[in-house]
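Please open the structure in your viewer and keep the selection tool at hand. The tour moves from one selection to the next, and at each stop it says what is there.

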Amino acid sequence: MKPEQAVQIHLADYQPYPFAIETTDLQFQLHETATLVQLKCKISRKGNNAEPLVLDGENMELLAIAIDGKAVLANEYQLDDHKLVLVDVPDSFLLEINTKISPADNHALNGLYFSGGMYCTQCEAQGFRNITYYPDRPDVMSKFTVRIEADKSVKTLLSNGNLLDSGDLEGNRHFTLWEDPFKKPAYLFALVGGVFDMIEDHFTTMSDREIPLQIYVDPGDAHLAEYAMDALKRSMKWDEEAFGREYDLDLFMIVAVRSFNFGAMENKGLNIFNSSVLLADAKTATDADFERIESVVAHEYFHNWTGNRITCRDWFQLCLKEGLTVYRDQEFSASQRGAGICRIKDVKALRARQFPEDSGPLAHPVRPASYMAIDNFYTATVYEKGAELIRALKIIVGEENFAKGMDLYFETCDGTAATMEQFLDCFAKISGQDLSQFLVWYGQAGRPRVTIKQNWDSQTGTLQLDFTQETAPTPRQKEKQAVPIPVRIGLLGQSGSLNFDIKSLGVSEQQEAVLILNKQQQSWTFSGLSERPVVSAFRQFSAPITLQIERYSADQALIIANDSDQFNRWEEAQSFARAQLLQMSEQVLQNIEPQASEQYLTAISAILNDDELDPAFVALCLQLPSDDEVFQMMEEAAPEAIKSAKLAMVRQLAVSNMDRLLTLQSQMRPAGAFKPDAKSAALRSLSNQALLTLSTLASDEIRELVWQAWQNADNMTDTMASLVALKRSGSNKYQQALGEFYQQWHKNPLVLDKWFSVQAVNADDIASINNLLEHTDFDILNPNRARAVYGAFAMANPALFHLADGSGYQLLAGGILKIDKQNPSLAARLMGAFSSWQKVEPVRSKLAGKIINEVKSANGLSKNTYEIASKHLGAD
């Protein structure tokens, strides 16, 4: 049954809000089940419009309304489950509204909720309407003052901005008073109340202002926030140096909470973080966790300018704040951990998360034209692909013009709710380029396939490259236009990079150039060449495309061995591996023993034996492409065949390089105490990747090696790697290790999430997943725990999720329906795991379609989950 609120909202229908909310004063009297909220707003009508005042509001009890001190009677307003309408209001007035809400009953974690002994808010995108009646849209910006009252047992009371006052009250109560001097939309409002430990530091800004920095965590966790504090200070310094952006308030705060639907939230001056992306030390967090914490802390801080000071006019412009800020946090990470390695990791994440979106029923533009539930568009397309478009824009306009364009954007749009058109106009003005075609990227779903055909003339020493771009039809968008694609390109000879000329572009004696492919077909001629060149295109992944180019195996080996672009060396190794895995998967289906080519094995062996290479790069080359990358290449995907093919390839790499892998596993260990820096992490990554590769040999000797690695592990990175290696080796000590892990960490929720997740990812049967769901420590209402089982199983264990009998689909659907009743946002995200259902062979595809339809037809389904299920089935 279609939910009542399941209606499409369209970008084309945008209308400005007819009123200005000049000031917003809020007073909270906190209570777990009966929090009282008093709202006072100074409101004025814009222009001569005669529109009624329409306020959003849900899941609360309306107690009283007054205009200019006079009570508004029940027959003078209209109220339903979603809106409050005041028809006859003055042109300028003071509005007062009193409401009552129950934070403890808010299991959706949207608005003000009480969980884990603390009060917390999550108002993006539309959570504020669960707190009081208000125009809950990003283009309504107001100055907020917030007074919070609570029992003294709720020791800490926080909100946005600067602390103006605090003190004791009668009845063992106390209060704090906060003021945010900058206008903001309601989605950036934040409130936190609870008992915390706090660590404090300070940062001196470029104008010599000293800013106190405070991080609030659960009691006993203060030491786990030290790395996040260090990352925050580095982020603040980097934003001043790279973008000239200085922090603007007198105080910056972060709070870590256990129950949170997202990773973190950039509320002005009071960031709220899921504990999983804030708390870390050597014993409890992996190197990947440290990297993610560094990235997310930076991301949320950078939002202070790209998201808060300049927000988005409407939710269709979400990519403006998120794509831009992801780009900024990626550049920060590159400055801290190495540009080449970070670029590879960013593209790996893009391929794992965003490429399947572009290729499936959930394909949507970076700026969607419509939505049913905006929460469903916090996607990899909006975030990661959005960041790729910012990077492509920078290449097209040039680094200097990009910096000047950003300055103009900050100067002209500060304090406003902006659009993509306004953003791009800044770069058009600075560069003098017509960027109207670039906007096509934002309105067009799917991923361009760029084909390069080569015509080498040895007599004239010229190479003609013929480029074509084509974007396949996607659901609800059949016709596609050409987009401007920056192609960073070089040419290789047998001894390294070649100099070349491109006379049509005025390029002479260069080893690298940027071509702008902005038509369906274009050609460029490279001259001045003394030998047949090997093309190295889309260096540093200069655009989010799929490349098709014919290669000889020898040319692939040359790029892997000699390309000056680190990304393209890795990319060619991955491309080689994808082609091999596709062929080997087909061999499995034909009951032929899968065998990788000698050329591929030799190319990877050369990387393993090159002591001059960055260990992080070697480790990345040793990691095979994801199952999903091969899955998307198959006509009728067979996940179990892909799993068998990958296992065979890893074993062949292990057999071919056993002595070298044993050396790397034992010798690539950082000296001294654990450090989360990039160099130490690189050594651990190579050592552990060598261990994981060797573990597939499953000999007694290797099982003993893996068991020793488990026993010697003194940090979570090594612990998790050796635990997975125990499973891969078939060791009978895997269950013993799981038991030891549980006994040590069952009281630490974040580490216990890892225990659940590693089992879900590596489970061989549905019974194992059901055992996890029935475990006493499994809590379906906690987003982290639900994701650790349902999410890990469905998104990282494709062979089990896509079982031929449909039991994997059934298990996930059952969980989604349970979660949807409490937390629609989380349920809809899990529903995304079905995105590749049409790619599997027909029997399984039919089963998946039937189960998706059962979810879509369930009584009482939220609009969030209904929208995703409908799109899976091809319905709007």
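Before selecting anything, keep in mind that this is a predicted model.

**First stop: helix H19**

Begin by selecting Met716, Thr717, Asp718, Thr719, Met720, Ala721, Ser722, Leu723, Val724, Ala725 and Leu726, which are the buried residues of helix H19. The whole helix runs over residues 716-728, and its 13 residues reach 18 Å from the first C-alpha to the last, close to the 18 Å expected at 1.5 Å a residue. Because 11 of these 13 residues are buried, H19 is largely enclosed by the rest of the structure.

What should you show next to see the cover over these buried residues? Among the elements that provide it are helix H2 (287-302), helix H17 (678-695), helix H18 (700-712), helix H20 (734-745) and helix H21 (749-762).

Now look at the two ends of the helix. At the start of H19, select Asn715 together with Thr717, and you will find a side-chain oxygen of Asn715 within 3.1 Å of the backbone nitrogen of Thr717. After H19 comes Gly730, a residue with a positive phi, near 75 degrees.

**Second stop: helix H12**

Move to helix H12, residues 598-608, and select its buried residues, which are Tyr600, Leu601, Ala603, Ile604, Ser605, Ile607 and Leu608. When you display their surroundings, you will see that they pack against helix H10 (553-562), H11, helix H13 (615-622), helix H15 (639-656) and helix H16 (658-667).

**Third stop: the second largest pocket**

The second largest pocket holds about 1300 Å³ of space. To find its centre, select Arg447, Arg449, Thr546, Leu547 and Met633, which are the closest to that centre of the 42 residues in the lining. Helix H5 (355-359), strand S34 (546-549), helix H11 (566-589) and helix H14 (627-631) are the elements that give two or more residues to this lining, and H11 has the largest share, with eight residues. If you colour the lining by class, you will count 16 nonpolar, 14 polar and 12 charged residues.

**Last stop: Thr132**

Finally, select Thr132, which sits in the loop between strand S11 (118-122) and strand S12 (142-151). Is this residue buried or exposed? Its relative accessibility is 0%, so Thr132 counts as buried. Leaving aside neighbours within four places in sequence, Thr132 is in contact with Leu26, Val37, Leu39, Asp56, Gly57, Met60, Ile97 and Thr99. Asp56 is worth a separate selection, since Thr132 and Asp56 are 76 residues apart along the chain, while their C-alpha atoms are separated by 8.1 Å.

Methods: Residues are numbered from 1 along each chain as its sequence is written. This is a predicted model: local features need pLDDT of at least 70, side-chain atom pairs count only at pLDDT 80 or more; totals for chains, interfaces and linings use all residues. Side-chain values use heavy atoms; hydrogens and water are left out. Helices (H or I, at least four residues) and strands (E, at least two) are DSSP runs, numbered from the N terminus. The expected span of a helix is 1.5 Å times one less than its number of residues. Buried means under 20% relative accessible area, exposed over 50%, partly exposed in between (1.4 Å probe, protein chains only). Contact means heavy atoms within 4.5 Å. A polar contact is a pair of N or O atoms within 3.5 Å; within protein, one must be able to donate a hydrogen and the other to accept it, and residues adjacent in sequence count only if both atoms are side-chain atoms. On a 1 Å grid over the protein atoms alone, a cavity is a set of points where a 1.4 Å probe fits but cannot get out, and a pocket is an open set with protein on both sides within 12 Å along at least five of seven lines; lining residues have an atom within 4 Å of a point. Grid points are joined across faces, edges and corners, and a volume is the space filled by probe spheres set on the points. Ala, Val, Leu, Ile, Met, Phe, Trp, Tyr, Cys and Pro count as nonpolar, Asp, Glu, Lys and Arg as charged, and the others, Gly among them, as polar.
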